[in-house]
Amino acid sequence: MKTYIVSGAGTGIGHAIAKKLADHPDDRVILCGRNESNLTMVLREFPNPNHHAIAVMDIRSLENIQSAIHTLKLESIDGIIANAGIGGANFFGPDDRWQDVIQTNLTGTYFFVNVCLPLLKKSSEPYKHITIISSVLARLGVQHYSAYCASKSGLLGLMRSWAQELASEKILVNAICPGWVNTQMAQSGMEEISKGLKISKDKFHEMAMQNVPLRKMSEPEEIADLVHYLHHQQSVTGQTLDINNGSVMNS
């Protein structure tokens, strides 16, 4: 039996990842997030909800994460999926969201993984895994998204450092950079950008897809499939995998 822990598991990509990892009847998934009702609704979708668990935590707070993990009383973890994050624009000034976005996306991931790491090191699996969900905006710049782009780029540096540090303990660390994914967060982002451009959301969607060779968004389940693969292999580490329908092509 493997035990996975997934942050931001109550919605979107995290929800899909948790469901995919729970497909194996012997494996256990710990769902983490700020919203207990969202986590509970996801848990009810699992074939055997009593086999899994939820941990309500705010990854911006080191103490909050430590308390939540301690309450679980886990003996070990076999895979960590750091998915939790927030999006949206930020503007320099009194209401700047810079600190909140960086604290959630970058510092929160740093806290979450480091608190879970001692349990990962106790795993009896020959290879252990950490997967970080970054974004295509780690590769691109978008106006007024400086905090989001910076935080998601920072996750790639964090991933490479951990991959080097933990390789001797057979812990494989990778990142995924999704492009447009059909989640509520993406839909809200499209709504926000379209308002700024003073065009309809449908018009912005059409414009956005012009920069995507396959002219489509991904579904959360596609990201979940890639996470599942990464946690069942023994050779890929220190890598960033781009899943963006061709919007960024790295050689």
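This passage describes the strand order of the sheet in a predicted model, the pairing around strand E4, and the packing of helices H3, H4 and H5.

The sheet is open and consists of 7 strands in the order E3-E2-E1-E4-E5-E6-E7, with parallel pairing. Strand E3 (53-56) and strand E7 (240-243) each have a single partner strand and stand at the edges, so one side of each is left without a neighbour in the sheet. On average, neighbouring strands are turned by 20° against each other when direction is ignored.

Strand E4 (residues 79-82) pairs with strands E1 and E5. Strand E1 (residues 3-7) runs parallel to E4 and is joined to E4 by 3 bridges; in this pairing, tyrosine 4 stands opposite glycine 79. Between E4 and strand E5 (residues 128-133) there are 4 bridges, again in the parallel sense, and alanine 82 of E4 faces isoleucine 132 of E5. In a regular strand, side chains alternate between the two faces of the sheet. For E4, Gly79 and Ile81 lie on one side and Ile80 and Ala82 on the other. These four residues are all buried, and both faces of the strand are thus covered.

The parallel arrangement continues from E5 to strand E6 (residues 171-178), with 6 bridges joining the two. Isoleucine 132, the residue placed opposite alanine 82 of E4, also stands opposite alanine 175 in E6.

Two helices that pack on the sheet are described here. Helix H3 touches E1, strand E2 (28-33) and E3, and the direction of H3 makes about 155° with that of E3. Helix H5 (residues 146-166) touches E5, E6 and E7, and the direction of H5 makes about 165° with that of E6.

Helix H3 also packs against a second helix. Two packed helices are described by the angle between their axes and the distance between the axes. For H3 (residues 62-72) and helix H4 (residues 98-121), the angle is about 30° and the axes are 10 Å apart. Angles under 35 degrees count as roughly parallel, and H3 and H4 are therefore roughly parallel to each other. The crossing of H3 past H4 is right-handed. On the H3 side, the contact is made by Leu62, Ile65, Gln66 and Ile69; on the H4 side, by Gly108, Phe111, Phe112, Val115, Cys116 and Leu119. Of the residues in this contact, 8 are nonpolar and 2 are polar, with no charged residue present.

How values were computed:
Residues are numbered from 1 along each chain as its sequence is written. This is a predicted model: local features need pLDDT of at least 70, side-chain atom pairs count only at pLDDT 80 or more; totals for chains, interfaces and linings use all residues. Side-chain values use heavy atoms; hydrogens and water are left out. Axes are lines fitted to C-alpha atoms, for helices over the stretch in contact, and angles run from 0 to 180 degrees between N-to-C directions. Angles under 35 degrees count as roughly parallel, over 145 as roughly antiparallel, 65 to 115 as roughly perpendicular and the rest as oblique. A crossing is left-handed if the near helix is turned anticlockwise from the far one by less than a right angle, and right-handed if clockwise. Contact means heavy atoms within 4.5 Å. Ala, Val, Leu, Ile, Met, Phe, Trp, Tyr, Cys and Pro count as nonpolar, Asp, Glu, Lys and Arg as charged, and the others, Gly among them, as polar. Buried means under 20% relative accessible area, exposed over 50%, partly exposed in between (1.4 Å probe, protein chains only). Two strands pair if DSSP finds at least two bridges between them.
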